[in-house]
Amino acid sequence: MTNNTSLTNGAPQAATAHTALAPKTGSHFDRKGLVQMALLGLLLLVPVAAYLLGHIYYVNLASRMTIIAMAAVGLNLAIGYGGMVSFGHAAYFGLGGYVAGISAYHAFDYSPFMTWPFSVPGSDSLLVVWLVAALLCALLALVIGAISLRTTGVYFIMITLAFAQMIYYFANSWPTYGGEDGLPIYIRNTLPLVDSSHSLTYFLICFTGLVLAMAITSRLMKSRFGAALTMARLNDVRLATAGISPYPIRLVAFVISAAITGLAGALYADLNGFVSPNMLSWHFSGELMVIVILGGVGRLYGPLAGAALFVMMETLLGGITQYWQLFLGLVLLGVVLFAKHGVMGWLAGRERNE
């Protein structure tokens, strides 16, 4: 009888979460849909136009913007939808990058990564790199999440930061793979039937990865798992009284978040032809958090809007002054004070669950 009562009491909250995540209708949906299509359309069409005009730099810049947006999509799943303020997602981004770099390093000189207890060769296949990066980042997040999710608030933030810094200093002192000088990738990893060394082709690969990451996030949040994750963020006690433990829900979301960010890191290393401990630095974790806040916390297209604004400010203002972060800080302050739902909230309006 007690269980039935708990489930009944939890039902309105679950229904509220489902309603908040359901597709919108009317003018609000049209406005939001138009903004989302415009963002994706511009991201796709501008690099194509730049390539046709011979401006390869802007194609590579769009690839960078897309990859950073993909990494922010992963962080947004943890922060925006799960309420887990992680300050260590650079660990997964950097780990994905090192998987790409180390794999290419051993494939280039035909040396095995390890010989005991069995031989593990290097690989220049993007499919292999992506699979390994996703699995290793998921495994690392499982360990970090299992520990850090037993705490809340500032303790959770500091534990995720501490783990990320440990990995950063480990990479910084690993001379086999360049240490603090980093590791060059001489040949870009390959994809069957696709020329990944072609700038526009590589952008389309990154664009596909971003779209898939957002599609996975959208599908998760529209499922029963997403409703449970939303309720774990809003009121974990009510979720527990409904018979669902918040801990494993948060842990699974944390692991998926890390895997997405790790895949972005592997793409980023291949784009630059270089991987260094800077990809693991807490500074990058902070940049990802700024991007999520700028675009709109908990908004599906927020990371894309935030990454576009961040990269454009870095490129345009960075070419004028080395103190461009000052202007970024002013914009971030304005968003926090006057547009708490970010660029997407300003362009597309508020969601019903906000």
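## Exercises on side-chain contacts

Tyr168 is buried, at 16% relative accessible area (buried means under 20%, exposed over 50%, partly exposed in between; 1.4 Å probe, protein chains only). This is a predicted model: local features need pLDDT of at least 70, side-chain atom pairs count only at pLDDT 80 or more, and totals for chains, interfaces and linings use all residues. Residues are numbered from 1 along each chain as its sequence is written, and side-chain values use heavy atoms, without hydrogens and water.

**Exercise 1.** Find the salt bridge partner of Arg64 and place both residues.

*Solution.*
1. Apply the criterion: a side-chain nitrogen of Lys or Arg within 4 Å of a carboxyl oxygen of Asp or Glu.
2. Arg64 meets Glu314, with the closest N and O atoms 2.8 Å apart.
3. Arg64 lies in helix H3 (residues 56-81) and Glu314 in helix H12 (residues 302-318), so the bridge ties parts 250 residues apart in sequence. Helices are DSSP runs (H or I, at least four residues), numbered from the N terminus.
4. Check burial: Arg64 is buried at 17%, while Glu314 is partly exposed at 23%.

**Exercise 2.** Classify the aromatic pair of Tyr168 and Tyr169.

*Solution.*
1. Rings of Phe, Tyr and Trp (its six-membered ring) pair if their centres lie within 6.5 Å; planes under 30 degrees apart are stacked, over 60 edge-to-face, the rest tilted.
2. The structure holds 13 such pairs.
3. Tyr168 and Tyr169 have centres 5.0 Å apart and planes at 70°, hence edge-to-face.
4. Tyr169 is exposed, at 51% relative accessibility.
5. For contrast, take Phe170 and Trp174: 5.2 Å and 45°, a tilted pair.

Notes: Helices (H or I, at least four residues) and strands (E, at least two) are DSSP runs, numbered from the N terminus.
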